[in-house]
Amino acid sequence: ATIFALAPPYASQPDWATRNWQGILIRETIAAENYPRALSMWGHFTGRPATPGRLLDPDFTAKSPLFPFDWRFVSGGAGTAESNAGGGIDLVSYGREDAILAEQVTILAPGRQTVSWRVQGNPANLSLRVTCLPTGTIAGEAALAKGQLDLAIGIDCAAQRLELRGMFAEAPSGSRVRLSELRLSDVRGGK
C-alpha cells in the first residue's frame, strides 16, 4: 500500500521505465489474485476509468497502453496484431500454429453476457477466447467469423483474459482481418 501511495498518478506521456515498474506492480497484484486492486492501480496510472464489468479499450486506441488491462499486441512466426489508426485492430494469422495475437485482462460481472464485434476480411483461423482467472477454465470461444461470443461468467471466474487467437490449419493459409466495434452486452438488455 505504501508503494501505491507514493506512486505518481496519471502522466500523459510516461517514460518506458515508469510504465515498466507500473506494469510489474499490476501483474504481481494479479498474480496474487487481487484483481480489483490491480484494476484500481491501472486506473490510477492511466487516468482512465477503472470500472469493473466492462471492456477496457474496446476500440484498441489506448495512447499509452499499460498491459495487462490494455491490449498487448504480438508479432511473430504465427502472425501479427497491431492497432489501426482509424480504430480497431489488424490481425494476420499464418495458420502454422495456435498462438495468441492480442490479449487483455478484464473483470466482467458474473452472469450471462455477449461479446460482439465487426470483422472485415478473411477471418478463417481466427478466434476470440475468454479464459477465467485464476482457474484457467475457458469461459467461451468463437470464430471471429461468427461475430459474437455468448458467455456465462461464474462466480469462480474472478477476472478474465480476452485472447484474439490465430489457429493452426491443416493446409496453412493466411487470414487477414480488421476487427472493430468490440462490445459487451448483458443478455437481459444491454450495457
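## Helices, strands and loops

Helices and strands are DSSP runs numbered from the N terminus, a helix having at least four residues and a strand at least two. The model described here is predicted. With these elements named, single residues can be placed. E33, for example, sits in the loop between α2 (16–31) and α3, and F60 sits in the loop between α3 and β1.

## The sheet

Strands of a sheet pair through backbone hydrogen bonds, in either a parallel or an antiparallel way. This model has an open sheet of 5 strands, and their pairing is antiparallel. Read across the sheet, the order is β1-β5-β10-β7-β8. β1 and β8 are the edge strands, each of them pairing on one side only.

At one end of this order, β7 and β8 are joined by 5 bridges in the antiparallel sense. One bridge partner in β8 is A143, which is matched with S127.

## The disulfide

A disulfide is a covalent bond between the sulfur atoms of two cysteines. The search of the whole structure gives 1 disulfide. It joins C132 to C157, with an S to S distance of 2.1 Å. The angle about the S-S bond is -100°, and the link of C132 and C157 is left-handed.

What does this link tie together? C132 belongs to strand β7, while C157 is in the loop between β9 (148–153) and β10 (159–166), so the pair connects parts that are 25 residues apart in sequence. C132 and C157 are both buried.

## Salt bridges across the chain

The search of the whole structure also finds 9 salt bridges. One of them is formed by the side chains of R183 and D59, with 3.4 Å from N to O. R183 is part of strand β11 (residues 175–186) and D59 is in the loop between α3 (35–46) and β1 (72–73), so this pair ties together parts that are 124 residues apart in sequence. R183 has a relative accessible area of 38% and is partly exposed. D59 is also partly exposed, at 32%.

Strand β11 also supplies E181, which lies in a salt bridge with R118 from strand β6 (residues 111–121), so parts that are 63 residues apart in sequence are tied together. The distance from N to O in the salt bridge of R118 and E181 is 3.9 Å. R118 counts as partly exposed at 38% relative accessibility, and E181 is partly exposed with a relative accessible area of 42%.

## Salt bridges in the strands β7 and β8, and a network

E141 and R129 form another salt bridge, and their closest N and O atoms are 3.0 Å apart. E141 is in strand β8 (residues 138–143) and R129 is in strand β7 (residues 126–133), so the pair ties together parts that are 12 residues apart in sequence. Are these two partners buried or exposed? E141 is partly exposed, with a relative accessible area of 32%. R129, at 19% relative accessibility, counts as buried, because the cut-off for buried is under 20%.

Some salt bridges share partners, and through them R72, E103, R161, E163 and R165 are joined into one network.

## Backbone exceptions

Most residues other than glycine have a negative phi, and most peptide bonds are trans. Which peptide bonds here are cis? The bond from F67 to P68 is cis, with omega near 20°, and P68 lies in the loop between α3 and β1. The bond from L133 to P134 is cis as well, with omega near 10°. P134 is placed in the loop between β7 and β8.

Positive phi values occur at E33, where phi is near 65°, and at F60, where phi is near 60°. Neither E33 nor F60 is a glycine. The surroundings of the two can be read from their accessibility. E33 has a relative accessible area of 48% and is partly exposed, whereas F60 is buried at 2% relative accessibility.

Terms used
Residues numbered from 1 in each chain as written. Predicted model: local features only at pLDDT ≥ 70, side-chain atom pairs only at ≥ 80, totals over all residues. Heavy atoms only, no water. Salt bridge = Lys/Arg side-chain N within 4 Å of Asp/Glu carboxyl O. Buried < 20%, exposed > 50% of the residue type's maximum accessible area, 1.4 Å probe, protein only. Disulfide = S-S within 2.5 Å. Pairing = 2+ DSSP bridges.
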